[in-house]
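Could you walk me through this model in my viewer, one selection at a time? I would like to know what to pick next and what I will find there.

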Amino acid sequence: MENTTEQIYNLKVNHLNKMRIAVIGAGAAGLAALRHCTSQSNKKSIEVICYEQSGDIGGTWVYTPEVGRDAYGLSIHSSMYKNLRTNLPKEVMGFPDFPIPDNDKSYLTRTELLDFINTYCDHFELRKYIQFHHHVVLVKPLDGDNMGKWSVEVEDLEKKKVLVEVFDAIMICNGHYFQPNIPELEGHTSFKGRVLHSHDYRVPETFAGKKVVVLGAGPSGMDLALEISKHAHQVILSHHLKVPILTKFPSNVIQKPDVVQLREHQAVFKDGSKENVDTIFYCTGYKYSFPFLDKNCGVKVDRNMVTPLWKHLLAIESPTLAFVGLPYYVCAFSMFDLQVRFVLRFWQGFKKLPPKENMLAEESMELKKKLSEGLHVQQFHMMGSKQGLYYEDLAKTADLDPLPPVLTSLHNESSQKFIDDLLNYREDRYKIIDDHTYVQL
Ligand code: FAD
């Protein structure tokens, strides 16, 4: 090969040396990254190391009764609770080349899902690429001749020492359900009862006999209001949806507008009503957080929008940095797989990045469109019913096998059922017939 290094924007593709890629995190996204970096066709051209701060794979799906800090003093990452069953059918939760095997139900328990992730990891023999108990503390861009490369500082938690390694590219797969978002309500410091965020929720029994305000009616708020209602005296589901949620709740669950103020033992709601309550339970979501990113990496988080990124994925200022898994209300594992394949097409030089100005313009046009549809900046990475367009765009742009449209249609049906019939939707069973069709059994 004559010309060994090709300059694509500031992304250098070296056709002779192996590309060194670091993957941060061994949850489902990190495993999808490993699966493709180590595939038969990429094995010869990529050297990959995955750093995982915990002792296990699976990220979110690893349940621990512990809250707060782990044995090494790190914040507990997983927000998993003991009784969780998935809120999506398994038919849309697998990987494109590794679906979840058929069994007698569609909505799995957390242990079944974690077992599946372990089977995926073992099937593709990924464990040997993971360095467990390795906590990434700093990811810093290099300059000069090393422009486009990264220095990664990793703490080996068991040996208590810090290593520094240089990589050509980084896939950030650190999840986004670990940094609680807690709104500062007026009077919050005067409240004398129990205060909890869903990140630290594990079991419903601790709510026995209590009167609880659940703040937020997203998937967690709805699911947890229902779960704790089996033990609590009363649950007040407080939210700012324009119309009340019509799904049937147990009789001890009522709905109220936003909480505007907290007093010693009282919550005051936007409609002026007041309730004496024992517990404030924040189900108010999470913040995107990348505590290891150096300030010069060219990406910031603005009101929960990670920016500037091309297609919610590649850092526009430094495209050897990829954020896998930011979009939400998606078929997560399939999307991770597609995003990783997309990134590798560009990093390996099969596709060329558009000019920087075009990528920036694309991001701002998408933001403008979302704002004009009534969404907030905070919802920039939300896909929901439009997720199919995102998948199509990724596949088309990088000439990749697309995801089957049936994933989106079944995801949409299940999400609607969740809203319409929270008490029973998990009894439904589905079967995918082909790329466009599913049936309810
Ligand atoms: P994670 O699973 O969070 O993995 C990130 C990994 O990165 C972790 O192992 C973490 O230890 C590691 N890490 C983080 N920082 C560092 C660092 N600095 N150094 C080294 N390692 C690091 N999705 C669905 O599709 N269906 C569901 O039913 C569903 N239910 C959910 C229920 C709950 C309670 C939650 C919180 C999420 C749920 N999700 C669900 C979304 C779920 O998070 C995704 O499906 C998916 O598992 C996320 O994978 P991930 O790899 O992006 O992140």
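Start by selecting glutamine 261 and valine 268: the glutamine stands opposite the valine, which belongs to S15. Keep in mind throughout that this is a predicted model. Now widen the selection to S14 and strand S15 (residues 266-269), and you will see an antiparallel pair joined over 3 bridges. Add S16 and you have an open sheet of 3 strands, in the order S14-S15-S16, with antiparallel pairing. Strand S14 (259-262) and strand S16 (274-276) stand at the edges; each has a single partner strand, so one side of each is left without a neighbour in the sheet. If you look along this sheet, the twist averages 25 degrees from one strand to the next.

**Next stop: the sheet S6-S7-S8**

Select S6, S7 and S8 together. They make an open sheet of 3 strands in that order, with antiparallel pairing. At its edges are S6 and strand S8 (161-167), each of which pairs on one side only. Here the twist averages 20 degrees from one strand to the next.

Take the pairs in turn. S6 and strand S7 (residues 150-156) run antiparallel to each other and share 7 bridges. To find one bridge by eye, pick proline 141 and then its partner in S7, tryptophan 150. Moving across to the other pair, S7 and S8 are also antiparallel, and 7 bridges join them. A good marker here is glutamate 155, which stands opposite valine 162 in S8. Follow the chain from S7 into S8 and you trace a hairpin with 4 residues between the strands. Stop in the turn at lysine 160, whose phi is positive, at about 55 degrees.

**Then: the loop between S9 and S10**

Show side chains in the loop between strand S9 (169-172) and strand S10 (194-197), where histidine 176 has its place. Is histidine 176 buried or exposed? With 11% relative accessibility, histidine 176 counts as buried, because the cut-off for buried is under 20%. Its side chain reaches the backbone oxygen of glycine 325 at 2.8 Å.

Asparagine 174 sits in the loop between S9 and S10 as well. Asparagine 174 has a relative accessibility of 13% and therefore counts as buried. Draw a distance from its side chain to the backbone oxygen of serine 289, and your viewer should give 2.9 Å.

**Last stop: the ligand**

Finally, centre on the ligand and display the residues around it. How many residues surround the ligand? There are 32, and the closest are Glu52, Thr60, Trp61, His77 and Asn87. Three of these are worth a distance label:

- Threonine 60: a polar backbone atom lies 2.8 Å from an oxygen atom of the ligand.
- Histidine 77: here a polar side-chain atom comes to 2.7 Å from a ligand oxygen.
- Asparagine 87: a polar backbone atom is 2.9 Å from an oxygen atom of the ligand.

Switch on a surface to see the cover: of the 990 Å² of accessible area that the ligand has on its own, the protein covers 92%. To see which elements take part, colour helix H1 (28-37), strand S6 (134-141) and helix H4 (332-347), the elements that give two or more residues to the shell. S6 will be familiar as an edge strand from your second stop. Colour the shell by residue type to finish, and its residues divide into 17 nonpolar, 14 polar and 1 charged.

Definitions and conventions: Residues are numbered from 1 along each chain as its sequence is written. This is a predicted model: local features need pLDDT of at least 70, side-chain atom pairs count only at pLDDT 80 or more; totals for chains, interfaces and linings use all residues. Side-chain values use heavy atoms; hydrogens and water are left out. A residue is near a molecule or strand if one of its heavy atoms lies within 4 Å of it. A polar contact is a pair of N or O atoms within 3.5 Å; within protein, one must be able to donate a hydrogen and the other to accept it, and residues adjacent in sequence count only if both atoms are side-chain atoms. Accessible areas come from the Shrake-Rupley method with a 1.4 Å probe; for residues, only the protein chains shown count as cover. Ala, Val, Leu, Ile, Met, Phe, Trp, Tyr, Cys and Pro count as nonpolar, Asp, Glu, Lys and Arg as charged, and the others, Gly among them, as polar. Two strands pair if DSSP finds at least two bridges between them. Axes are lines fitted to C-alpha atoms, for helices over the stretch in contact, and angles run from 0 to 180 degrees between N-to-C directions. Buried means under 20% relative accessible area, exposed over 50%, partly exposed in between (1.4 Å probe, protein chains only).
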